[in-house]
Amino acid sequence: MSHSNPGPSDSDSTRPVKSARQTPSTEETDADQTTDTCPECDGRLQVDPSHGETICAECGLVIQRDRIDHGPEWREFEDTDAGEKSRVGAPLTNRQHDQGLSTTIDWQDKDAYGKSLSSRQRQKMKRLRTWDERFRTRDSKERTLKHALGEIDRMASALSLPDTIRETASVLFRRTLDDDLLPGRSIESMATACLYTAARQAEVPRSLDELAEVSRVDKHEFSRAYRYICRELGLELEPTQPDDYIQRFTSALDFPHELETRARELLELGREHDVNVGKNPVGLAAASIYAAALYLDEDITQAEIADVTNISEVTIRKRYSDLLEADPNHPR
DNA sequence: ATGGTTTTTACTGCGTC
DNA sequence: GACGCGGTAAAAACCAT
(Lines give C-alpha, C1' and ligand atoms only; values in the text may rest on other atoms or scores of the structure.)
Protein backbone atom coordinates (compact mmCIF):
# COMPACT_ATOMS: atom_id res chain seq x y z
CA MET A 1 0.00 0.00 0.00
CA SER A 2 2.57 2.50 0.99
CA HIS A 3 5.52 3.33 -1.18
CA SER A 4 8.04 0.84 -0.05
CA ASN A 5 10.59 1.67 -2.64
CA PRO A 6 13.99 0.13 -2.09
CA GLY A 7 15.60 3.49 -1.84
CA PRO A 8 18.11 5.19 -4.06
CA SER A 9 21.05 4.46 -1.84
CA ASP A 10 20.91 0.90 -3.12
CA SER A 11 23.15 1.65 -6.05
CA ASP A 12 25.70 2.35 -3.41
CA SER A 13 25.38 -0.90 -1.57
CA THR A 14 28.41 -2.46 -3.17
CA ARG A 15 30.60 -0.21 -1.11
CA PRO A 16 32.04 -1.83 1.94
CA VAL A 17 30.32 -0.53 5.00
CA LYS A 18 32.59 2.01 6.58
CA SER A 19 30.66 2.77 9.69
CA ALA A 20 27.13 3.34 10.79
CA ARG A 21 26.48 6.55 8.97
CA GLN A 22 22.79 6.05 8.69
CA THR A 23 20.96 6.11 11.97
CA PRO A 24 18.47 3.31 11.57
CA SER A 25 17.24 3.71 15.12
CA THR A 26 15.38 6.87 14.24
CA GLU A 27 13.12 4.72 12.11
CA GLU A 28 11.77 3.04 15.20
CA THR A 29 11.44 5.97 17.55
CA ASP A 30 9.68 7.81 14.76
CA ALA A 31 9.55 11.06 16.64
CA ASP A 32 9.43 14.24 14.62
CA GLN A 33 11.70 15.83 17.13
CA THR A 34 15.08 14.29 16.66
CA THR A 35 17.97 15.48 18.73
CA ASP A 36 20.59 13.95 16.46
CA THR A 37 23.27 16.03 14.85
CA CYS A 38 24.46 16.03 11.29
CA PRO A 39 27.31 13.57 10.63
CA GLU A 40 28.95 16.14 8.38
CA CYS A 41 28.89 19.37 10.26
CA ASP A 42 27.30 18.58 13.63
CA GLY A 43 24.52 20.94 12.74
CA ARG A 44 21.02 20.51 14.06
CA LEU A 45 18.84 18.06 12.17
CA GLN A 46 15.32 19.02 11.37
CA VAL A 47 12.41 17.20 9.88
CA ASP A 48 10.76 18.81 6.94
CA PRO A 49 7.22 17.53 7.26
CA SER A 50 6.13 18.52 3.78
CA HIS A 51 8.81 16.34 2.22
CA GLY A 52 9.16 13.73 4.92
CA GLU A 53 12.85 14.39 4.89
CA THR A 54 15.32 14.74 7.66
CA ILE A 55 17.73 17.41 6.65
CA CYS A 56 20.58 19.21 8.30
CA ALA A 57 19.78 22.81 9.09
CA GLU A 58 23.39 23.82 8.56
CA CYS A 59 24.55 22.18 5.38
CA GLY A 60 21.37 20.88 3.83
CA LEU A 61 22.48 17.26 3.79
CA VAL A 62 19.53 14.96 3.32
CA ILE A 63 19.82 12.26 5.96
CA GLN A 64 16.68 10.28 5.33
CA ARG A 65 13.89 10.51 2.86
CA ASP A 66 10.33 9.38 2.50
CA ARG A 67 9.38 8.69 6.04
CA ILE A 68 5.90 9.88 5.27
CA ASP A 69 3.47 7.83 3.29
CA HIS A 70 2.27 10.09 0.53
CA GLY A 71 -0.63 7.84 -0.24
CA PRO A 72 -4.25 8.95 0.04
CA GLU A 73 -6.38 9.12 3.13
CA TRP A 74 -9.60 7.33 2.25
CA ARG A 75 -11.87 8.96 4.72
CA GLU A 76 -14.62 11.01 3.12
CA PHE A 77 -17.83 10.64 5.06
CA GLU A 78 -19.99 13.40 3.68
CA ASP A 79 -20.26 15.36 0.51
CA THR A 80 -18.73 18.36 2.20
CA ASP A 81 -15.58 16.37 2.72
CA ALA A 82 -15.26 15.80 -0.97
CA GLY A 83 -11.74 16.35 -2.14
CA GLU A 84 -10.52 17.58 1.18
CA LYS A 85 -9.27 14.34 2.60
CA SER A 86 -7.87 12.97 -0.55
CA ARG A 87 -4.19 13.65 -0.76
CA VAL A 88 -3.46 11.66 -3.83
CA GLY A 89 -0.49 12.56 -5.94
CA ALA A 90 3.15 12.08 -6.50
CA PRO A 91 5.45 12.88 -3.60
CA LEU A 92 6.99 16.31 -3.55
CA THR A 93 10.52 16.51 -4.68
CA ASN A 94 13.19 19.14 -4.53
CA ARG A 95 14.57 17.99 -7.81
CA GLN A 96 11.99 19.77 -9.91
CA HIS A 97 11.86 23.49 -9.82
CA ASP A 98 8.17 23.53 -8.89
CA GLN A 99 8.60 20.54 -6.58
CA GLY A 100 6.76 18.39 -9.08
CA LEU A 101 3.43 20.09 -8.58
CA SER A 102 2.63 21.73 -11.88
CA THR A 103 0.88 20.30 -14.89
CA THR A 104 1.97 20.63 -18.46
CA ILE A 105 -0.09 20.97 -21.57
CA ASP A 106 0.82 18.18 -23.89
CA TRP A 107 2.52 19.10 -27.14
CA GLN A 108 0.32 16.77 -29.14
CA ASP A 109 -2.79 18.27 -30.64
CA LYS A 110 -5.02 15.50 -29.40
CA ASP A 111 -7.99 15.53 -27.10
CA ALA A 112 -8.45 13.25 -24.14
CA TYR A 113 -9.63 10.44 -26.39
CA GLY A 114 -6.66 10.72 -28.68
CA LYS A 115 -8.55 12.35 -31.51
CA SER A 116 -7.02 15.22 -33.41
CA LEU A 117 -8.25 18.71 -32.73
CA SER A 118 -9.84 21.05 -35.19
CA SER A 119 -7.63 23.80 -36.56
CA ARG A 120 -9.48 26.33 -34.46
CA GLN A 121 -8.81 24.30 -31.35
CA ARG A 122 -5.23 23.85 -32.36
CA GLN A 123 -4.74 27.60 -32.51
CA LYS A 124 -6.23 27.90 -29.08
CA MET A 125 -4.03 25.19 -27.62
CA LYS A 126 -0.96 26.81 -29.09
CA ARG A 127 -1.78 30.06 -27.32
CA LEU A 128 -2.50 28.21 -24.11
CA ARG A 129 0.76 26.36 -24.30
CA THR A 130 2.62 29.60 -24.68
CA TRP A 131 0.99 31.06 -21.60
CA ASP A 132 1.32 27.81 -19.70
CA GLU A 133 5.04 27.85 -20.32
CA ARG A 134 5.36 31.47 -19.29
CA PHE A 135 3.43 30.78 -16.15
CA ARG A 136 5.42 27.82 -15.07
CA THR A 137 8.70 29.63 -15.34
CA ARG A 138 7.27 32.88 -14.19
CA ASP A 139 10.16 34.80 -12.86
CA SER A 140 13.88 34.54 -13.34
CA LYS A 141 14.52 32.63 -10.16
CA GLU A 142 12.21 29.88 -11.19
CA ARG A 143 13.89 29.73 -14.55
CA THR A 144 17.29 29.60 -12.93
CA LEU A 145 16.21 26.83 -10.66
CA LYS A 146 14.75 24.88 -13.52
CA HIS A 147 17.94 25.14 -15.47
CA ALA A 148 20.16 24.25 -12.53
CA LEU A 149 18.17 21.26 -11.37
CA GLY A 150 18.13 19.89 -14.87
CA GLU A 151 21.86 20.18 -15.02
CA ILE A 152 22.34 18.59 -11.62
CA ASP A 153 20.23 15.68 -12.72
CA ARG A 154 22.11 15.30 -15.97
CA MET A 155 25.53 15.38 -14.37
CA ALA A 156 24.52 13.10 -11.52
CA SER A 157 23.29 10.55 -14.02
CA ALA A 158 26.50 10.73 -15.99
CA LEU A 159 28.46 10.12 -12.81
CA SER A 160 25.92 7.54 -11.58
CA LEU A 161 25.36 9.26 -8.29
CA PRO A 162 22.38 8.11 -6.23
CA ASP A 163 19.17 10.08 -5.79
CA THR A 164 19.91 11.16 -2.23
CA ILE A 165 22.90 13.07 -3.51
CA ARG A 166 20.85 14.77 -6.19
CA GLU A 167 18.41 15.80 -3.49
CA THR A 168 21.20 17.20 -1.36
CA ALA A 169 22.62 19.06 -4.31
CA SER A 170 19.19 20.48 -5.10
CA VAL A 171 18.70 21.66 -1.53
CA LEU A 172 22.12 23.28 -1.63
CA PHE A 173 21.34 25.08 -4.84
CA ARG A 174 18.09 26.37 -3.42
CA ARG A 175 20.05 27.76 -0.49
CA THR A 176 22.52 29.52 -2.73
CA LEU A 177 19.60 31.01 -4.57
CA ASP A 178 17.81 32.06 -1.39
CA ASP A 179 20.94 33.68 -0.04
CA ASP A 180 21.48 35.57 -3.29
CA LEU A 181 24.84 33.99 -3.91
CA LEU A 182 24.24 33.52 -7.58
CA PRO A 183 24.55 36.99 -9.08
CA GLY A 184 27.93 37.32 -10.75
CA ARG A 185 28.36 33.58 -11.20
CA SER A 186 27.13 31.21 -13.81
CA ILE A 187 24.31 28.83 -13.05
CA GLU A 188 26.38 26.01 -14.48
CA SER A 189 29.31 26.54 -12.20
CA MET A 190 27.08 26.80 -9.15
CA ALA A 191 25.12 23.70 -10.05
CA THR A 192 28.32 21.75 -10.60
CA ALA A 193 29.74 22.99 -7.33
CA CYS A 194 26.57 21.95 -5.48
CA LEU A 195 26.76 18.46 -6.89
CA TYR A 196 30.44 18.20 -6.06
CA THR A 197 29.70 19.29 -2.52
CA ALA A 198 26.80 16.89 -2.13
CA ALA A 199 28.89 13.96 -3.30
CA ARG A 200 31.61 14.81 -0.84
CA GLN A 201 29.18 15.18 2.01
CA ALA A 202 27.83 11.72 1.30
CA GLU A 203 31.36 10.29 1.23
CA VAL A 204 31.09 9.15 -2.35
CA PRO A 205 33.28 11.91 -3.75
CA ARG A 206 33.92 12.46 -7.40
CA SER A 207 37.17 14.17 -8.26
CA LEU A 208 37.27 17.66 -9.72
CA ASP A 209 38.45 16.12 -12.97
CA GLU A 210 35.48 13.79 -13.11
CA LEU A 211 33.08 16.65 -12.54
CA ALA A 212 34.89 18.66 -15.17
CA GLU A 213 34.22 15.96 -17.73
CA VAL A 214 30.45 16.18 -17.38
CA SER A 215 30.13 19.86 -16.57
CA ARG A 216 29.78 22.55 -19.18
CA VAL A 217 32.14 24.84 -17.32
CA ASP A 218 35.77 24.25 -16.66
CA LYS A 219 37.36 23.05 -13.48
CA HIS A 220 38.57 26.38 -12.22
CA GLU A 221 35.25 28.07 -12.55
CA PHE A 222 33.28 25.61 -10.50
CA SER A 223 36.00 24.97 -7.95
CA ARG A 224 35.96 28.69 -7.32
CA ALA A 225 32.21 28.49 -6.96
CA TYR A 226 32.67 25.57 -4.61
CA ARG A 227 35.00 27.48 -2.30
CA TYR A 228 32.62 30.38 -2.44
CA ILE A 229 29.55 28.46 -1.34
CA CYS A 230 31.54 26.67 1.36
CA ARG A 231 32.52 30.01 2.78
CA GLU A 232 29.15 31.68 2.41
CA LEU A 233 27.10 28.77 3.67
CA GLY A 234 29.62 28.00 6.38
CA LEU A 235 30.19 24.43 5.25
CA GLU A 236 33.20 22.71 6.68
CA LEU A 237 34.05 19.62 4.73
CA GLU A 238 36.70 17.17 5.71
CA PRO A 239 39.30 16.51 3.04
CA THR A 240 38.30 13.49 1.00
CA GLN A 241 39.78 10.15 1.94
CA PRO A 242 41.71 8.10 -0.61
CA ASP A 243 39.68 5.09 0.52
CA ASP A 244 36.57 6.64 -0.93
CA TYR A 245 37.99 6.38 -4.44
CA ILE A 246 39.32 2.84 -4.20
CA GLN A 247 36.14 0.92 -4.88
CA ARG A 248 35.26 2.90 -7.97
CA PHE A 249 38.73 2.74 -9.51
CA THR A 250 39.25 -0.96 -8.89
CA SER A 251 35.95 -1.83 -10.48
CA ALA A 252 36.68 0.46 -13.41
CA LEU A 253 39.90 -1.49 -13.89
CA ASP A 254 38.15 -4.86 -13.50
CA PHE A 255 40.15 -5.84 -10.48
CA PRO A 256 38.93 -8.43 -7.98
CA HIS A 257 37.56 -7.42 -4.63
CA GLU A 258 40.60 -8.89 -2.98
CA LEU A 259 42.75 -6.18 -4.49
CA GLU A 260 40.50 -3.55 -3.06
CA THR A 261 41.08 -4.71 0.49
CA ARG A 262 44.79 -4.94 -0.17
CA ALA A 263 44.89 -1.38 -1.38
CA ARG A 264 43.07 -0.22 1.74
CA GLU A 265 45.57 -2.04 3.92
CA LEU A 266 48.39 -0.28 2.16
CA LEU A 267 46.74 3.07 2.68
CA GLU A 268 46.33 2.29 6.36
CA LEU A 269 49.97 1.36 6.57
CA GLY A 270 50.87 4.60 4.88
CA ARG A 271 48.78 6.53 7.34
CA GLU A 272 50.61 4.95 10.26
CA HIS A 273 53.93 6.01 8.80
CA ASP A 274 52.71 9.48 7.96
CA VAL A 275 53.65 9.22 4.31
CA ASN A 276 50.35 10.46 2.92
CA VAL A 277 49.77 13.69 4.76
CA GLY A 278 49.34 16.62 2.46
CA LYS A 279 49.12 14.50 -0.66
CA ASN A 280 46.36 14.40 -3.19
CA PRO A 281 43.95 11.65 -2.05
CA VAL A 282 43.24 10.67 -5.64
CA GLY A 283 46.94 10.18 -6.25
CA LEU A 284 47.22 8.05 -3.13
CA ALA A 285 44.29 5.92 -4.22
CA ALA A 286 45.89 5.40 -7.62
CA ALA A 287 49.22 4.51 -6.05
CA SER A 288 47.76 2.07 -3.54
CA ILE A 289 45.90 0.30 -6.32
CA TYR A 290 49.05 0.03 -8.38
CA ALA A 291 51.01 -1.27 -5.39
CA ALA A 292 48.28 -3.77 -4.54
CA ALA A 293 48.28 -4.94 -8.14
CA LEU A 294 51.99 -5.66 -7.89
CA TYR A 295 51.51 -7.68 -4.71
CA LEU A 296 48.79 -9.75 -6.34
CA ASP A 297 50.60 -10.20 -9.66
CA GLU A 298 47.93 -8.42 -11.63
CA ASP A 299 48.86 -7.43 -15.14
CA ILE A 300 48.62 -3.65 -15.15
CA THR A 301 50.76 -0.75 -16.24
CA GLN A 302 51.16 2.59 -14.56
CA ALA A 303 49.90 4.20 -17.72
CA GLU A 304 46.56 2.40 -17.52
CA ILE A 305 46.00 3.45 -13.94
CA ALA A 306 47.08 6.97 -14.76
CA ASP A 307 44.47 6.95 -17.48
CA VAL A 308 41.45 6.03 -15.38
CA THR A 309 42.48 8.08 -12.34
CA ASN A 310 43.68 11.17 -14.17
CA ILE A 311 46.87 11.13 -12.18
CA SER A 312 50.24 11.35 -13.87
CA GLU A 313 52.51 8.34 -13.91
CA VAL A 314 55.18 10.28 -12.09
CA THR A 315 52.90 10.95 -9.17
CA ILE A 316 51.84 7.32 -9.04
CA ARG A 317 55.48 6.29 -8.94
CA LYS A 318 56.29 8.70 -6.16
CA ARG A 319 53.31 7.84 -4.03
CA TYR A 320 53.62 4.13 -4.42
CA SER A 321 57.31 4.10 -3.58
CA ASP A 322 56.31 5.94 -0.41
CA LEU A 323 53.76 3.27 0.35
CA LEU A 324 56.22 0.45 -0.26
CA GLU A 325 58.69 2.04 2.07
CA ALA A 326 56.08 2.16 4.78
CA ASP A 327 55.51 -1.56 4.36
CA PRO A 328 58.09 -3.45 6.47
CA ASN A 329 57.85 -6.61 4.35
CA HIS A 330 57.54 -5.27 0.88
CA PRO A 331 58.54 -7.56 -2.00
CA ARG A 332 61.61 -5.71 -3.16
C1' DA B 1 52.46 39.32 -4.19
C1' DT B 2 55.22 35.60 -2.19
C1' DG B 3 57.27 31.49 -0.84
C1' DG B 4 56.81 26.60 0.10
C1' DT B 5 54.91 22.33 -1.37
C1' DT B 6 52.91 19.16 -4.60
C1' DT B 7 51.85 17.73 -9.28
C1' DT B 8 52.65 17.70 -14.15
C1' DT B 9 55.32 17.85 -18.31
C1' DA B 10 59.05 16.44 -20.92
C1' DC B 11 63.07 13.90 -21.39
C1' DT B 12 66.69 10.21 -20.53
C1' DG B 13 68.65 5.69 -19.59
C1' DC B 14 68.00 0.84 -18.55
C1' DG B 15 66.24 -3.79 -18.96
C1' DT B 16 63.08 -7.00 -21.30
C1' DC B 17 60.33 -9.23 -24.70
C1' DG C 1 62.82 -1.33 -31.65
C1' DA C 2 58.83 -0.88 -28.78
C1' DC C 3 57.44 -1.00 -24.18
C1' DG C 4 57.31 -0.49 -19.16
C1' DC C 5 59.65 1.50 -15.51
C1' DG C 6 62.54 4.64 -12.59
C1' DG C 7 64.55 8.85 -12.21
C1' DT C 8 65.39 14.12 -12.89
C1' DA C 9 64.75 19.15 -13.91
C1' DA C 10 61.87 22.70 -14.79
C1' DA C 11 57.27 24.53 -15.19
C1' DA C 12 52.74 24.85 -13.44
C1' DA C 13 49.36 24.59 -9.94
C1' DC C 14 48.01 25.06 -5.38
C1' DC C 15 47.73 27.05 -0.76
C1' DA C 16 48.59 29.86 3.28
C1' DT C 17 50.33 34.09 4.61
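# Two DNA strands and a pocket

Visitor: By class, how many nonpolar, polar and charged residues does the surface near DNA strand B have?
Guide: This is a predicted model. Tyr and Ile count as nonpolar, Lys and Arg as charged, and Gly as polar. By that sorting, the surface near DNA strand B has two nonpolar, five polar and two charged residues.

Visitor: Which residues surround DNA strand B?
Guide: A residue is near the strand if one of its heavy atoms lies within 4 Å of it. DNA strand B is surrounded by G278, K279, N280, N310, I311, S312, V314, T315 and R319.

Visitor: What percentage of the atoms of DNA strand B within 4 Å of the protein do sugar and phosphate account for?
Guide: Look at the phosphate oxygens of DNA strand B. One is 2.6 Å from a polar backbone atom of N280. Another pair joins a phosphate oxygen and a polar side-chain atom of T315, at 2.4 Å. Counting the strand's atoms within 4 Å of the protein, the sugar and phosphate share is 75%.

Visitor: How far is a phosphate oxygen of DNA strand B from an N or O atom in the side chain of R319?
Guide: A polar contact needs N or O atoms within 3.5 Å. R319 is one of the residues around DNA strand B. Its side-chain N or O atom and the phosphate oxygen are separated by 2.3 Å.

Visitor: Turn to DNA strand C. Which residue has a side-chain N or O atom 3.2 Å from a base oxygen?
Guide: Q302 pairs with a phosphate oxygen of DNA strand C, at 2.4 Å. Y320 also has a phosphate oxygen as its partner, at 2.6 Å. The base oxygen of DNA strand C is 3.2 Å from a side-chain atom of R317.

Visitor: Which element gives the largest share of the surface near DNA strand C?
Guide: Two elements give two or more residues each: α7 (219–232) and α12 (313–326). The largest share is three residues, and it comes from α12.

Visitor: Now the second largest pocket. Which of its lining residues are closest to its centre?
Guide: This pocket has a volume of about 280 Å³. It is lined by 14 residues. The closest to the centre are E210, R248, F249, A252 and V308.

Visitor: Which elements give two or more residues to the lining of the second largest pocket?
Guide: By class, the lining has five nonpolar, four polar and five charged residues. The elements that give two or more of the lining residues are α6 (208–214), α8 (243–252) and α11 (302–309).

Notes
Residues are numbered from 1 along each chain as its sequence is written. Chains are lettered from A and ligands numbered from 1 in the order in which they are written. This is a predicted model: local features need pLDDT of at least 70, side-chain atom pairs count only at pLDDT 80 or more; totals for chains, interfaces and linings use all residues. Side-chain values use heavy atoms; hydrogens and water are left out. A polar contact is a pair of N or O atoms within 3.5 Å; within protein, one must be able to donate a hydrogen and the other to accept it, and residues adjacent in sequence count only if both atoms are side-chain atoms. On a 1 Å grid over the protein atoms alone, a cavity is a set of points where a 1.4 Å probe fits but cannot get out, and a pocket is an open set with protein on both sides within 12 Å along at least five of seven lines; lining residues have an atom within 4 Å of a point. Grid points are joined across faces, edges and corners, and a volume is the space filled by probe spheres set on the points. Helices (H or I, at least four residues) and strands (E, at least two) are DSSP runs, numbered from the N terminus.
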